[in-house]
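Dear colleague,

Please find below the structure that I am handing over to you. My notes on what was found in it follow directly after.

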Amino acid sequence: MILYGTLKISTNQAINKLLTIDKQSLFLIVCSAIGIYLAIILYTRLFGKRSFSKMSSFDFAMTVSVGSMVATTVLTNSVSLTEGAIGLVMVYGLQLAAAYLRRYEPFRKLIDNQPTLLMDGSTIIKENLRKVRVTEGDLRSKLREANVVKLSEVKAVIFETTGDMVVLHKSNEDDIDPWLLEDVGR
């Protein structure tokens, strides 16, 4: 026996409750899943691929919100398909507004992380590694992934706003164009 408050439910009843579904609930889940799936495809086509790209913390929040709304719409009776679709269009609209507002520096600084220089040439900037919570092991792994065999081959390693590390190789003695490092924290 399992006690839920003052309600007594046998173990078999609890397991049956977990593993059974009535035809109406199954039908509603299937219809809601199809409807919300089609709404996501439609909204993504209307609002653009950026809706699911990993560009900023706002975009990440958008992706999590979409997932949560899909699950809630599909699996609960408390949110109708229409309500879920309206919620989705609101989140997509907010994401589109944020993409537009990111053109303005104050808003961009508010929602985006700043790219950070982790290596300047062969010099590892340990203070910046600590700031962005990247270990030397993470850095080594990225250097190996980028086919670096000697630190002297590196012009710079930048931790981007997306969480990606970018390795700029030393293929010649040209300096890195300053425009490429314009927004990079040193």
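Which order do the four strands of the open sheet have? The order is β4-β3-β5-β6, and the pairing is antiparallel. Please note that the model is a predicted one.

The edges of this sheet are formed by β4 (123–124) and β6 (165–169); each has a single partner strand, so one side of each is left without a neighbour in the sheet. Strand β5, which covers residues 154–159, pairs with β6 in the antiparallel sense over five bridges. Two of the bridge partners in β6 may help you to find your way: methionine 165 is the partner of phenylalanine 159, and leucine 168 is the partner of alanine 156. β5 and β6 also form a hairpin with five residues between them, and glycine 163 in its turn has a positive phi of about 95°. Strand β5 pairs with β3 as well, again in the antiparallel sense, over four bridges. There, valine 157 in β5 is the bridge partner of methionine 119. Six of the six residues of β5 are buried, so this strand is largely enclosed by the rest of the structure.

Helix α7 (residues 136–145) lies across β3 (116–120), β4, β5 and β6, and runs at about 55° to β6.

I turn next to the nonpolar cores. In soluble globular proteins, nonpolar side chains tend to be buried together. The largest nonpolar core here has 14 residues, of which Leu118, Val134, Leu139, Leu143, Val157 and Met165 touch the most other members. Two or more residues of this core are given by each of β3, α7, β5 and β6. The largest share, three residues, comes from β5. Methionine 165, which was named above as a bridge partner, touches Leu118, Val134, Asp138, Leu139, Lys142, Val157, Ile158 and Phe159, residues up to four places away in sequence not being counted. Apart from the largest core lies another core, of 11 residues, including Ala39, Val74, Ala85 and Val91.

Threonine 73 may also be of interest to you. This residue is found in helix α3, which spans residues 57–75. Is threonine 73 buried or exposed? Its relative accessible area is 1%, which is under the 20% limit, so threonine 73 counts as buried. Leaving aside residues up to four places away in sequence, threonine 73 touches Ser32, Ile36, Val79, Ser80, Leu81 and Gly84.

The structure holds one aromatic pair. Tyrosine 100 and tyrosine 104 form this pair in an edge-to-face arrangement, with 6.0 Å centre to centre and 70° between the planes. Tyrosine 100 is partly exposed, at a relative accessible area of 43%, and tyrosine 104 also counts as partly exposed, at 44%.

Finally, some values for the protein chain as a whole. Its secondary structure comes to seven helices and six strands, and from the N terminus on the elements run β-β-α-α-α-α-α-β-β-α-α-β-β. Of its 186 residues, 27% are buried. Among the contacts with a separation of 6 or more, 54% join residues 24 or more positions apart. The accessible surface of the chain comes to about 12900 Å², and 60% of this surface belongs to carbon and sulfur atoms.

With kind regards

Technical notes:
Residues numbered from 1 in each chain as written. Predicted model: local features only at pLDDT ≥ 70, side-chain atom pairs only at ≥ 80, totals over all residues. Heavy atoms only, no water. Buried < 20%, exposed > 50% of the residue type's maximum accessible area, 1.4 Å probe, protein only. Contact = heavy atoms within 4.5 Å. Pairing = 2+ DSSP bridges. Axes fitted to C-alpha atoms, helices over the stretch in contact; angles between N-to-C directions. Core = buried A, V, L, I, M, F, W, Y, C linked by side-chain atoms within 4.5 Å. Phe/Tyr/Trp six-rings, centres within 6.5 Å; stacked < 30°, edge-to-face > 60°. Areas by Shrake-Rupley, 256 points an atom, 1.4 Å probe, with all protein chains shown as cover.
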